[in-house]
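Subject: Handing over a structure

Dear colleague,

I am passing the structure below on to you, and after it you will find an account of what came out of going through it. Please keep it open while you read the rest.

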Amino acid sequence: MPAPAMRVLEGIGDGARFAWRVVREAVRPPYELGETGRQIFELGVRSVPLIALAGFAVGVVMSMHTRASLARFGAEALIPAGLAIALVRETGPLTAGLLLAGRVGAGIGAELGAMKVTEQIDALEAVAVDSFRYLVVTRVLACVLALPILTTIMNFTGMLGGFTAEAAITGIGFEPYFRQAFYPIEFTDFVPSTFKTMVFGFIIATVSSYLGVNTTGGTEGVGRTATRSVVLSSILLITTNVLLVRLIFFLFPVPG
């Protein structure tokens with residue numbers, strides 16, 4: 001087998017073992033609740049302005065594009081429902097995941113990479129601190145818990161953006177707009193698509209942590225790790241999303 005292909009397979013195997021170790025350590029006590037809470041604040045709460053602003057902008061743009069399409073058929077009344085379905089089922093979760101991959105993925109990779117090349121991780125081990133549980137598991141749990149909430153925020157601000165665009169054009173009121181928007185949304189639309197972002201959060205944090213703790217090459221290696229974290233996380237998110245969408249349609253079929 002060619003050497004490049006062998007290295008790719010070895011990397012996939014090492015990454016799979018790393019991910020399995022994360023799952024195993026996450027369910028075993030003791031739990032680093034304090035550090036997990038701090039990471040939720042750093043990775044989740046600090047991402048709210050970005051997510052909210054992006055969601056609002058996406059809602060405005062989607063509303064304008066939807067109006068341009070539906071106006072040809074005289075179906076402008078379906079704009080709120082169409083925007084809500086698109087945001088809740090697919091656009092909100094995937095956009096939130098990609099935004100978090102860009103902001104958080106690069107941060108985790110660079111932070112852990114810097115700790116690796118400056119031997120801070122070794123220093124933690126020297127004082128009897130489980131560096132894997134303290135540095136990796138806490139970040140993974142924070143992303144898994146924070147991303148569904150961030151996705152809900154993006155969905156809501158996206159709807160606000162759609163309302164703003166529609167109100168500027170047609171003068172529709174707040175209450176009738178949201179009544180039309182949420183009328184077709186059901187439990188099986190919101191919950192599966194939102195909680196698939198827990199898988200996205202796991203992928204982002206696990207990939208970034210794996211690349212971070214395996215960083216080599218000094219400060220240049222830290223920069224490469226940050227870039228690779230964003231790129232690889234985004235690719236895996238898009239690929240995994242295809243599989244999850246198919247699984248959701250299988251488990252929660254849309255009524256014919």
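To begin with one residue, E25 has a relative accessible area of 10% and is therefore buried, since the cut-off for that word is under 20%. Please bear in mind throughout that this is a predicted model.

The side chain of E25 forms a salt bridge with that of R133, with 2.6 Å from N to O. Because E25 belongs to helix α1 (residues 3-26) and R133 to helix α6, this pair ties together parts of the chain that are 108 residues apart in sequence. R133 has a relative accessibility of 8%, so R133 counts as buried too. The pair also belongs to a network of salt bridges, in which E25, R28, D130 and R133 are linked.

Helix α6, which covers residues 131-170, takes part in two further pairs that I would like to point out. A salt bridge joins the side chains of R67 and E166 at 2.8 Å, N to O; R67 sits in helix α3 (residues 48-70) and E166 in helix α6, so that distant parts of the chain, 99 residues apart, are linked. Both of these residues, R67 and E166, are buried. The side chains of E111 and R139 meet in a salt bridge as well, at 3.0 Å from N to O, and this pair links helix α4 (residues 79-117), where E111 lies, with R139 in helix α6, 28 residues away. Here the two partners are unlike in their exposure: E111 is partly exposed, with a relative accessible area of 36%, whereas R139, at 2%, counts as buried. For the structure as a whole, the count comes to 10 salt bridges.

Two uncharged residues of helix α6 may also be worth your attention. T151 lies in this helix and counts as buried at 0% relative accessibility; leaving aside residues up to four places away in sequence, T151 touches G92, P93, A96, T194 and T197. L147, also placed in helix α6, is likewise buried at 0% relative accessibility, and with the same neighbours in sequence left aside, L147 touches A96, G97, L100, T197, F200, G201 and I204.

Finally, turning to the surface, L247, F250, L251 and F252 make a nonpolar patch of about 440 Å². F252 lies in the segment after α9 (218-251) and, at 37% relative accessibility, counts as partly exposed.

With best wishes

Note on methods
Residues numbered from 1 in each chain as written. Predicted model: local features only at pLDDT ≥ 70, side-chain atom pairs only at ≥ 80, totals over all residues. Heavy atoms only, no water. Patch = residues over 30% accessible without salt bridge, like charges linked within 9 Å, V, L, I, M, F, W, Y side chains within 5 Å. Areas by Shrake-Rupley, 256 points an atom, 1.4 Å probe, with all protein chains shown as cover. Salt bridge = Lys/Arg side-chain N within 4 Å of Asp/Glu carboxyl O. Helix = DSSP H or I, 4+ residues; strand = E, 2+ residues; numbered from the N terminus. Buried < 20%, exposed > 50% of the residue type's maximum accessible area, 1.4 Å probe, protein only. Contact = heavy atoms within 4.5 Å.
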